[in-house]
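This report describes the fold, the core and one helix of a single protein chain. The coordinates come from a predicted model.

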Amino acid sequence: MSVQVRSTTQHVDLVVSAVHRVLRDYAPEAVHVVIGDLEPKHSSFTLTASFEGGMTIGHAVLATEDAEDVCVAVADQLQDMAIENRFGAWPRCPGHTHPLWPSRTGDVASWVCPTEPAHCTRPIGRLLTR
Ligand SMILES: [Zn+2]
């Protein structure tokens, strides 16, 4: 996987960190993400993802000064792109058929089971580690 940055706008560093963090949960499949500017004045970025054997999909993400909020926003967009590309749930909730949803739990951006948060809540970027 790789991440290419085509922006020097304020807050882009938070978006870059968030993309790397979310992609840690996407391994081992190859994906290439390009971060560009949408509306630099408003810290609005484009995320374009190219999936191995799949298509290229773009979405916009709005950055704030809060790294965890940016991570939730980036996870939301990358999840949409992964689901559009794979036509299935990603990341899948363990033992359930639905995908986990990105949400802020306390101070941490996390993947959360949408029906039973107690069933599965894992920090984004640490889904595949124990
Ligand atoms: Zn679930």
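Read from the N terminus onward, the secondary structure follows the pattern β-α-β-β-β-α-β-β-β. That amounts to 2 helices and 7 strands. The radius of gyration is 14 Å, close to the 14 Å that the globule rule gives for 130 residues, so the protein is as compact as a globular protein of that length. The C-alpha trace spans about 40 × 35 × 20 Å along its principal axes. Of the 130 residues, 30% count as buried. Taking contacts between residues at least 6 apart in sequence, 44% join residues at least 24 apart.

**Core**

The largest nonpolar core has 30 residues, and Val15, Val22 and Val74 are those with the most contacts inside it. The elements in the table each supply at least two residues of this core.

| Element | Residues |
|---|---|
| Helix H1 | 12–24 |
| Strand S2 | 31–39 |
| Strand S3 | 44–51 |
| Helix H2 | 67–86 |
| Strand S6 | 108–112 |

H2 gives the largest share of the core, 9 residues.

Which residues does Val15 touch, leaving aside its neighbours within four places in sequence? Val15 is in contact with Ile35, Phe45, Val61, Ala63, Val70 and Val74. Among these, Val74 is also one of the core residues with the most contacts inside the core.

**Helix H1**

H1 has 13 residues, which at 1.5 Å a residue should span 18 Å; the end C-alpha atoms are 19 Å apart, which agrees. Leu14, Val15, Ala18, Val19, Val22 and Leu23 of this helix are buried. Seen down the axis of H1, the buried residues fall within an arc of 160°, so they line one face of the helix. The cover over these buried residues includes strand S1 (2–6), S2, S3, S4 and H2.

**Hairpin of S3 and S4**

Two of the covering strands, S3 and S4, form a hairpin with 4 residues between the strands. S4 comprises residues 56–62, and S3 and S4 pair in the antiparallel sense over 7 bridges. Within this pairing, Phe45 has Val61 in S4 as its bridge partner. Both Phe45 and Val61 are in contact with Val15, and Val15 is one of the buried residues of H1. In the hairpin, Gly53 takes a positive phi near 65°.

Notes: Residues are numbered from 1 along each chain as its sequence is written. This is a predicted model: local features need pLDDT of at least 70, side-chain atom pairs count only at pLDDT 80 or more; totals for chains, interfaces and linings use all residues. A nonpolar core is a set of buried Ala, Val, Leu, Ile, Met, Phe, Trp, Tyr and Cys residues joined through C-beta atoms within 7 Å. A residue is buried if 20 or more other C-beta atoms lie within 10 Å of its own, exposed if 12 or fewer, and partly exposed in between; C-beta atoms are placed from the backbone. Two residues are in contact if their C-beta atoms, placed from the backbone, lie within 7 Å. Two strands pair if DSSP finds at least two bridges between them. The radius of gyration is taken over C-alpha atoms; the globule rule is 2.2 Å times the number of residues to the power 0.38. The expected span of a helix is 1.5 Å times one less than its number of residues. The arc is that of the directions from the helix axis to the C-beta atoms.
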